[in-house]
Structure formats: structure tokens, C-alpha cells
Amino acid sequence: MASLGRLLASRHIQNESEADYLEPHWGYADRVRPCTNDAGSCAYLDQVYQSHDLSMMYSGILWGTILAVLFVWTVGRRLWAPSRTDGLVPGSISTNDSSVTRFTKSFSAYMRSSLLPDAARPIFGRTTRFQVLILAILAGYLLIWSFVGITYQTWITPVKKMPGLFNTRTSLGPFSDRIGILAYALTPLSILLSNRESVLSLLTGVPYQSFNFLHRWLGYIIFIQSSVHTIAWTVVEVRLYQPQPTTAIEWVTQPYIIWGVVAMILLLMIVVLSTPWGIRLTGYEFFRKAHYVLAMIYIGACWGHWDKLKCFLLPSLLIWGLDRGVRFLRTALIHYQYLPDGSMGFRAAPASLTHFSDVDGDVVRMDFNQPHDAWKVGQHFYLCFPESSVWQSHPFTPLNLPQTQNGSVKHSYIFRAKKGETKKIANLALKKLTQAPSATTSVVLTGPYGDSIAENLMPEDNVLCVAGGTGITYVLPVLLGLIHRNPGAKDRRIQLIWAIRRKADLCWVEEEMVAINNAARSHGVDVHIYVTREASSSSTSSLQDDKAGGVINVKETCGLPSCSSTSVNGVQTPMSLDIQKIGSKGLEQHPDLKTIVTDFVEGTVRGPTKVFGSGPGGMISELRSIVAASNSGAKVWRGDERSDVTLICDDRLEW
């Protein structure tokens, strides 16, 4: 790096041969002491090095603040963790809340009413106001550190050995270096926010996918910082320094500048490909793989541009590598087992396939058993299908309860085939099922990911589950868990709202719906199915095709041999469900969620309400607004817990 040192010395008008000693500065070129240049150049160098030292200190303060927030969050999460159902007598309700608990609940209700709805969706996508508030705080924090501690001044200094030529030295250079250092300092945080094996999730309990929004927008901030850094130094070297164009040519041909240009081009590619428009144009799988490759090359280019700041780049590489290593290890722990011949080895899970034809995209159900520890309700796995591609994996939520039997746990999944990998699997399932009455495919699991969404449910909590289409997989385990426990408080309300396109879609989860139907009376579970693309056969003006209490024969509904109206033990169990056909030919009609949620909350006798939601992005956004309006901190403070309404939703899609 001696050549880089000489270039920097030339750039900063320092002559090492005249130095009595070199003054080290962390993250920058050594300072020549004493300064033997003109007074203006020496004053400028004082500002450059002072500003750099402050920049490094501010970066340390930034990371100190981040670590302090994580520490407080982690400790607070454990000190003020909500009570669990395990410690309560079945059917009982919690005792009167203390003032501290009441304040906490009322404050939480107030925050939900204000910060739960989407914020500026055309700009931020389907993101809550709370997430945007965190982004605004971070951006404001960075904006302050970008400008403080810099003396804004101009120095006109003579060019050595060129009489009549002068350099204009300003605080633009120190400012440019400041935001460049901050961009480097933010790189490890950006990697942390993107990790699937998330340390942040482990500490805070927030699912890793909830950090994707901050990861994306932090990337935009780094891009803006890098762009300003590049433009500012271009102005300095091309316009303010003399003589031209000699100075500009010498500057742009230096290796560290070439690496900086490469890093800027890579960062531009990353940003363009990560926009919603870029993802739609190239496809998610291309985006994901290109994102990984470009990000690692970008960090390498940053190293080549300014290796003195490798204190930020090396942790970024280590965090990325650790994430991939843990993924590989977790997959191996699930699939490394005894093989049929008695030896130990890696074995994929053989999943049985069921295919449901649908004009809007076929639906596939997979069922298999795998020996490993049970997951928690609400967690999901990444599934890879080696028969299609070993380079792709997709997140799926098990629709069944995680129950271990004989050392194995049953997995059940459904997904709609749209395009890409899911379409390949649907075609594979259809092809195999045309050749034989049963078919299997190999599945490789990684996970589980996320946190439990049901373990803190209290016996007095009212539960409303809202699902759209295949989103039923997220809420079904919650209901199945409730019916496997003793009933809660006698006046507790439990309700399922499921919007499906056709009545035949009930066949996807026939066994689970039969189980819920059988426990409906004993556990007070109300099930309401809304069919959105089929018109009612009734000649009256009523929208109801099958009134509450009507008998639904599942086999007749879908017409598939895989479906029947029998329960688990082979006992004929006709399902009594409220099915309403609200659509019409050629027109899709959605259920009125505002009326449904409001009527449910107002119909509760006491206790808070937990709303579990999963489905299309529009449905999640609507639920956020409705649930926010149902919260009232003032009413909760006065003891009306019915105004304490929480939304737990599957929000892995932001757009």
C-alpha cells in the first residue's frame, strides 16, 4: 500500500520526506508533522484530520447507540414479558391489572391506534407507520452526524511550482469523507437486517422479515451517501483543484478511485434491481441471487477503494458468512439421520402430493413426516425441491399443529402455483398423479423461522382469525391449538373468517376443517366462509347460499376422490358451516372486513381481542387500518379491555 500512501500524500499536499514524525489516524492516511506547506494548506489539513477523527468517533457513537437500544429492548422483553397461558387454570381469567400493567396496555393500544396503519403506501409499500417512524428517526440521526463538527470555510492556496495558479480548498472534502465513513459504518447493520438467521430476531423477538423494510431503505440511504460522496469529490478534483485537466486525469486513474467507481456502479445495480419495478421485471429469484453476488463484490470493491476502513467491511463479510453457515448447519441437523440401510446420512423428506386444479393457479398440498424437534405455531420453514432445483427455496407456513409422535413431526403445506418454482412443482405433481394414484417428491427443510404467535394467548383473549385463500395456513394452527386445549373463559369469542374463490377450495384443508367443526360447539368456534367468485344459487336477494347450520358434503363440493366428509376416525361427520357466496359471474366480491371486525369486537363481553390475519397484501393493509381504529388507549385505561385489539399478521410481502 506504499503507492496508495504516496498518492494520498500528493492529494493532501504532504511531503513525508520533510516530516519529523508521522501522526497516525485510525481509518486515514498518517499525518505529516510538522506541516511545512503554506498557512492555508496547513489550516485545511487541520480541518481534514480533525473532521475525520470526529467521523470515526461519531460512527462509534452510532454503533454504541444501536447496541444500547438492542440491550434495553432485550432486557425489557424479558422483564416485562406477558404472562403465559400455562400458568393459568383453564377457564379462569386474569386478576385485576396493576396500575403499571394498565398503563402499559393503554399505551400500547394508543400506539397501535396511531402507528399500525400503512404509511404513504406509494412510497414505502405495505409498511406500518411505526416502521416508517423508526426509519425517520434513523435518517434524522444520520443527518445530524453528517454535518456536526465540521468548520465550514474556504482556503485559497497556491499551487506549488506553478505561479499564478491557486487551489480552492473548502469543507466539501471533509464533509464528503464524513458521509463516506458513515456509509461504511452502516454496511454491517445493513447485512444484519437482511439475515435470515437473525441475531436481531434472537435478541428482540421480532421476526427477521420485519427487518426487510429497514434493510431496503438503509440500502437507499447508503446509496445516497455514496452518491453525494462521489459527486462532492468529483467537484473538488475536477473544478476546484488546479491545473486542469491534469489534476482530474491523475485523480481518476488512481487505483483507489477506480475501485470507488466500481463500487458505485455495483451499488447502483443493487438499488435498481431491488426496487419493486426491478423485481417485477427480472423475477424474484434472479433478484435474490444477483443481490447476494453483487453485495459481496460491492464490499470487496469498497475494500479496494479504502482498505483503512476494513474495520466495517470485515464484520460485514463475517456476518454474511455466519448466516449462510448456520443455514447449512440447521438443514443438516434436520436431514442427517439413519438411512433405511442402517447407516447415517443426509436424506430428504418424501412428501405426498395432492393436486387441486384451479383456473386462477393450481393448488398443491404436501404432507410428510420428518424426525426433528417440533416448531412453534406461526413459525415457517424454507422448502427446497431437489427434483426441480437445488438453488431455490421458498418460505411456507405449516398448516397443522406441531405435534411429535414416535420422534417425528408431521408437516402439511398448501401453496398456489403462480409461476417459477411453485408452477414447476404443480406441474410435477400433476404429471406424477396422472401416472399413479399417489405421488411423492423430495423436500429439503431449513428452519423453523419466526416466533410463536399463540403461546401468549390468555384464556380471556377473544380470537378472530381472518384468512384469504392459502393464507389459511397461518391461522389454522392457532385454531387447532385452541380446540386442543380446555375451553377458556365461558364468554370468550373465537371466530374464523375465510375468504375463498370457490366452495371447492374447502378441500385443501378438509381434515383440519372437520376437526374445527367437531369442536365448534364445545369451544365456541364460529366459522364463516365467504366464496368470492361464485354467485348464490338462491333466486332471492339474499347473498347466503348455505345458511348457518346447513350440511356441507365436502366430497360433493370438490368432486375429488381425495376429499370426503369423514372425520379422523372414519366417522361420517357432515360439516355445519356458514358459507356465503358473495361473488357473481365475472366479478369478485370481498367480505366487508370493517363490519366483520367491528361487530366482533363490539360483540365481545370482556377481555382483549387478538386478530390473526393472513392473505393478500390489500387485506393486510385493510386489517391494519380497521384494528387501529378499534383501539382506544383512554378506554383501556378506564378498564374497558375490549378496546385493546392486537393484530398478528403474516406480513412477509411488503408490496
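How many cavities of 30 Å³ or more does the count come to? The count comes to two, and the residues around one of them lead to several other features of this chain, which is described here from a predicted model.

## Overall make-up

The chain holds 20 helices and 22 strands, and buried residues account for 51% of its 655 residues. Taking contacts between residues at least 6 apart in sequence, 73% of them join residues that are at least 24 apart. The accessible surface of the chain is about 31000 Å², and carbon and sulfur atoms contribute 62% of that area.

## Nonpolar cores

In soluble globular proteins, nonpolar side chains tend to be buried together. In this model the largest nonpolar core consists of 65 residues, and L186 and Y298 are the members with the most contacts inside it. At least two residues of this core come from each of helix 2 (39-79), helix 5 (129-147), helix 6 (172-194), helix 8 (212-240), helix 10 (255-274), helix 12 (284-305) and helix 13 (310-335). Helix 8 gives the largest share, with ten residues.

Which residues does L186 touch, when residues up to four places away in sequence are not counted? The partners of L186 are L62, L142, L218, I221, I222 and Q225. Apart from the largest core there lies another one, of 41 residues, which includes L457, C507, I529 and V531.

## The disulfide and the second largest cavity

A disulfide is a covalent bond between the sulfur atoms of two cysteines. A search of the whole structure finds one disulfide, and this bond joins C35 to C42 with an S to S distance of 2.0 Å. The torsion about the S-S bond of C35 and C42 is about -90°, and the disulfide is therefore left-handed. The two partners fall into separate accessibility classes: C35 has 24% relative accessibility and counts as partly exposed, whereas C42, at 13%, counts as buried. Why does C42 count as buried? The relative accessibility of C42 is 13%, and buried means under 20%.

C35 also has a place in the lining of the second largest cavity, together with I13, Q14, N15, E18, V32, T36, N37 and L45. The space in this cavity is about 40 Å³.

Two further cysteines, C465 and C649, can be set beside the disulfide pair. C465 is buried, with a relative accessible area of 0%, and C649 is likewise buried, with a relative accessible area of 16%. The table brings the four residues together.

| Residue | Relative accessible area | Class |
|---|---|---|
| C35 | 24% | partly exposed |
| C42 | 13% | buried |
| C465 | 0% | buried |
| C649 | 16% | buried |

## Y49 and its surroundings

Y49 is placed in helix 2 and is buried, with a relative accessible area of 2%. Leaving aside residues up to four places away in sequence, Y49 touches Q14, H25, Y28, A29, D30 and R31. One of these partners, Q14, is also among the residues that line the second largest cavity. Another partner, H25, is 24 residues from Y49 along the chain, and the C-alpha atoms of Y49 and H25 are separated by 7.8 Å.

## Backbone features

Most residues other than glycine have a negative phi, and most peptide bonds are trans. Against that background, the model contains cis peptide bonds as well as positive phi values at residues that are not glycine.

Where are the prolines of the cis bonds found? A cis peptide bond with omega of about 0° joins Q242 and P243, and P243 is found in the loop between helix 8 and helix 9 (246-252). The peptide bond from G447 to P448 is cis as well, with omega near 5°, but P448 is found in strand 13 (residues 440-449).

A120, although not a glycine, has a positive phi of about 45°, and this residue lies in the loop between helix 3 (99-115) and helix 4 (121-124). K161, again not a glycine, has a positive phi of about 60° and is placed in the loop between strand 3 (154-158) and strand 4 (166-170). Is each of these residues buried, partly exposed or exposed? A120 counts as partly exposed, at 40% relative accessibility, while K161, at 86%, counts as exposed.

Note on methods: Residues are numbered from 1 along each chain as its sequence is written. This is a predicted model: local features need pLDDT of at least 70, side-chain atom pairs count only at pLDDT 80 or more; totals for chains, interfaces and linings use all residues. Side-chain values use heavy atoms; hydrogens and water are left out. A nonpolar core is a set of buried Ala, Val, Leu, Ile, Met, Phe, Trp, Tyr and Cys residues joined through side-chain atoms within 4.5 Å. Buried means under 20% relative accessible area, exposed over 50%, partly exposed in between (1.4 Å probe, protein chains only). Helices (H or I, at least four residues) and strands (E, at least two) are DSSP runs, numbered from the N terminus. Contact means heavy atoms within 4.5 Å. Accessible areas come from the Shrake-Rupley method with a 1.4 Å probe; for residues, only the protein chains shown count as cover. A disulfide is a pair of cysteine sulfur atoms within 2.5 Å. On a 1 Å grid over the protein atoms alone, a cavity is a set of points where a 1.4 Å probe fits but cannot get out, and a pocket is an open set with protein on both sides within 12 Å along at least five of seven lines; lining residues have an atom within 4 Å of a point. Grid points are joined across faces, edges and corners, and a volume is the space filled by probe spheres set on the points.
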